[in-house]
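Take a look at the chain below. Start with its overall build, then work inward.

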Amino acid sequence: MTTTQRIFDLAAAAPASHGEDLVLLLSAANELYQQGLQDLHRDMAARLGGLATADLMLAADTAGMPCDPSQDRDEVILLLALVEWEMTPAAMAYAEMAEAAARRGICLVPEE
């Protein structure tokens, strides 16, 4: 089963879950979200690693995230991966799930 399908399954189960069960689902989906981002970052680093710095900065600007020339190449590649990842169905399903859980008072960030 793919990361996307697993996130979809967790998101589908979330509306019927409450309390600690919802926290567990959200936590599992968050881990999958992070795994998906890491996988895409690794792929993107391999794909873009040979680009000239100017071309990498142009790609970032084209993606809507202007970069400062002092930024590290790896950081720019990570930001590009994040922009691409956030447009995937898996990331969108996770974001919707997290927003719905937050409206119900469930969040992974502990209260102070």
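The text below goes from the fold to the core and then to the surface.

This is a predicted model. The chain has five helices and zero strands. Read from the N terminus, its elements run α-α-α-α-α. How spread out is the chain, set against a compact globule? Its radius of gyration is 17 Å, whereas the globule rule gives 13 Å for 112 residues. The first value is well over the second, so the chain is more spread out than a compact globule. The C-alpha trace spans about 50 × 35 × 20 Å along its principal axes.

Now go inside. Buried residues account for 31% of the 112 residues. The largest nonpolar core has 30 residues. Which helices supply it? At least two residues of this core come from each of H1 (3-13), H2 (19-48), H3 (53-62), H4 (73-86) and H5 (89-103). H2 gives the most, with 10 residues.

Within this core, Val-76, Leu-80, Trp-85 and Met-97 have the most contacts. Follow Trp-85. Setting aside neighbours within four places in sequence, Trp-85 is in contact with Tyr-33, Gly-36, Leu-37 and Leu-40, and also with Ala-90 and Ala-91.

Step back to the chain's contacts as a whole. Among those between residues at least 6 apart in sequence, 63% join residues at least 24 apart.

Last, the surface and the charges. The accessible surface comes to about 7000 Å², and 56% of it belongs to carbon and sulfur atoms. The chain has 6 positive and 18 negative charges. The mean positions of these two sets are 6 Å apart.

Technical notes:
Residues are numbered from 1 along each chain as its sequence is written. This is a predicted model: local features need pLDDT of at least 70, side-chain atom pairs count only at pLDDT 80 or more; totals for chains, interfaces and linings use all residues. Side-chain values use heavy atoms; hydrogens and water are left out. A nonpolar core is a set of buried Ala, Val, Leu, Ile, Met, Phe, Trp, Tyr and Cys residues joined through side-chain atoms within 4.5 Å. Buried means under 20% relative accessible area, exposed over 50%, partly exposed in between (1.4 Å probe, protein chains only). Helices (H or I, at least four residues) and strands (E, at least two) are DSSP runs, numbered from the N terminus. Contact means heavy atoms within 4.5 Å. The radius of gyration is taken over C-alpha atoms; the globule rule is 2.2 Å times the number of residues to the power 0.38. Accessible areas come from the Shrake-Rupley method with a 1.4 Å probe; for residues, only the protein chains shown count as cover. Lys and Arg count as positive and Asp and Glu as negative; His and the chain ends are not counted. The place of a charge is taken as NZ of Lys, CZ of Arg, CG of Asp or CD of Glu.
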